[in-house]
Each structure stands twice: as structure tokens, then as C-alpha cells.
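Biologist: Please take a close look at a single residue in this chain and place it in the context of the whole. Is it buried or exposed, and where is it found?

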Amino acid sequence: MNNRQFKYPDTKAYEFVTNRLAKRGVKLDDLAEIIYQSQREFEPTLTMDRVQEYLQDALHKRELLNNAMVMLELDRLVEENKVAEPLSSIIKNDVGVFGVDETLALQIANIYGTIGTTNFGYFDRVKKGIIAKYDHDQSHVNTFIDDLLAAIVAAVSGKIAHQYA
């Protein structure tokens with residue numbers, strides 16, 4: 001069967017990302033809740049079902065999946081001491097001037113337009129819900145995952161802004 005017959009052909013990448021997020025304790029419902037709570041004041045007709053639909057659409061975009069795989073894998077490899085120094089220490093300590101985590105996240109945040117940059121800045125700063133959990137957790141390497149989650153929320157929020165504009 002030809003992959004072009006499916007709406008979301010890259011199931012291996014989707015499964016990699018969603019399984020890795022689940023293994024790290026991320027529930028997609030937690031992301032949907034942040035999106036819903038932050039966007040419903042702007043879009044009163046928004047429903048949680050619609051948010052979950054938009055979240056699934058975003059999670060099947062190749063741009064998101066490619067960056068998410070890299071981000072999740074870098075956190076894992078550093079945590080398992082499989083990355084050479086000095087990069088390992090830079091990532092492990094989430095050095096502020098590193099910026100690669102935010103750069104990859106911004107590419108995700110902008111998949112529905114540059115409104116994602118503003119959204120990402122907001123969610124990266126306020127660290128709502130599960131984003132805060134990973135930002136504050138010192139027992140794992142979370143340099144990339146907190147930015148990844150903020151970027152996903154930012155991207156879907158951008159999609160909502162375009163849908164309801």
C-alpha cells in the first residue's frame with residue numbers, strides 16, 4: 001500500500017515521539033488542557049475536542065516530529081552519559097547561552113506561522129502545567145523537553161488563532 005494514501009504517513013516518527021513523551025510521563029491531555037485554558041478566553045466557542053484534534057494535527061507534522069525526535073533523544077543521551085564533553089555538561093546544566101533547545105523549539109512553534117514565536121515566548125516564560133514540572137525537575141535531563149512542550153502548546157495555540165481569526 002502506498003504511504004500517500006494515508007493522511008499521516010510518518011507513523012514511525014509519530015510513534016517515536018508520542019511513546020517517548022509517554023515514557024517521560026507526558027500525557028497529551030495535559031498539553032491539551034494548557035492549550036484549552038489559555039485559548040478559551042480568546043475563543044469562547046473552542047472545545048476540548050477541537051483542541052485535541054488540532055494537537056493531533058500538529059503532532060503529525062513532519063517539522064514537529066523531526067525536531068521533537070532530536071530534542072527527546074538529546075535529553076536521553078545526555079542523561080545516559082552518551083554525549084561527549086563539553087556538550088554533555090552544557091546540556092545537563094541547561095546553560096542559558098546554549099540556545100539550541102530554544103532554536104529547535106521555535107522551529108516547532110512556528111509551524112502555523114510566526115505567531116508561534118510570541119506564543120512560545122509566553123509559554124516558555126510562564127511555564128504552565130506540565131511544562132513547569134519538567135523545567136523544575138532536577139532528577140532528569142530536561143533541557144529540551146520543557147522547550148518541546150512549550151513549543152507544541154505554542155504551535156497549536158497559533159493554529160487556533162488562525163482558525164478563529
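Modeller: In this predicted model, Ala-84 is exposed, because its relative accessible area is 56% and the cut-off for exposed is over 50%. The residue is found in a loop, with helix H4 (62-79) on one side and helix H5 (87-92) on the other. For a sense of distance, take Ile-108: 24 residues separate Ala-84 from Ile-108 in sequence, and their C-alpha atoms are 26 Å apart in space.

The loop that holds Ala-84 joins two helices, and the protein chain as a whole has nine helices and zero strands. From the N terminus on, the order of elements is α-α-α-α-α-α-α-α-α. The radius of gyration is 16 Å, close to the 15 Å that the globule rule gives for 165 residues, so the protein chain is as compact as a globular protein of that length. Its C-alpha trace spans about 50 × 45 × 25 Å along the principal axes.

Among contacts with a separation of 6 or more, 75% are between residues 24 or more positions apart. Of the 165 residues in the protein chain, 44% are buried; Ala-84, being exposed, is not one of them. The protein chain exposes about 8800 Å², and carbon and sulfur atoms supply 51% of that area. As for charge, there are 19 positive and 24 negative side chains, and the centres of the two sets lie 5 Å apart.

Conventions:
Residues numbered from 1 in each chain as written. Predicted model: local features only at pLDDT ≥ 70, side-chain atom pairs only at ≥ 80, totals over all residues. Heavy atoms only, no water. Helix = DSSP H or I, 4+ residues; strand = E, 2+ residues; numbered from the N terminus. Rg over C-alpha atoms; globule rule 2.2 N^0.38 Å. Buried < 20%, exposed > 50% of the residue type's maximum accessible area, 1.4 Å probe, protein only. Contact = heavy atoms within 4.5 Å. Areas by Shrake-Rupley, 256 points an atom, 1.4 Å probe, with all protein chains shown as cover. Lys, Arg positive; Asp, Glu negative; His and termini not counted. Charge placed at Lys NZ, Arg CZ, Asp CG, Glu CD.
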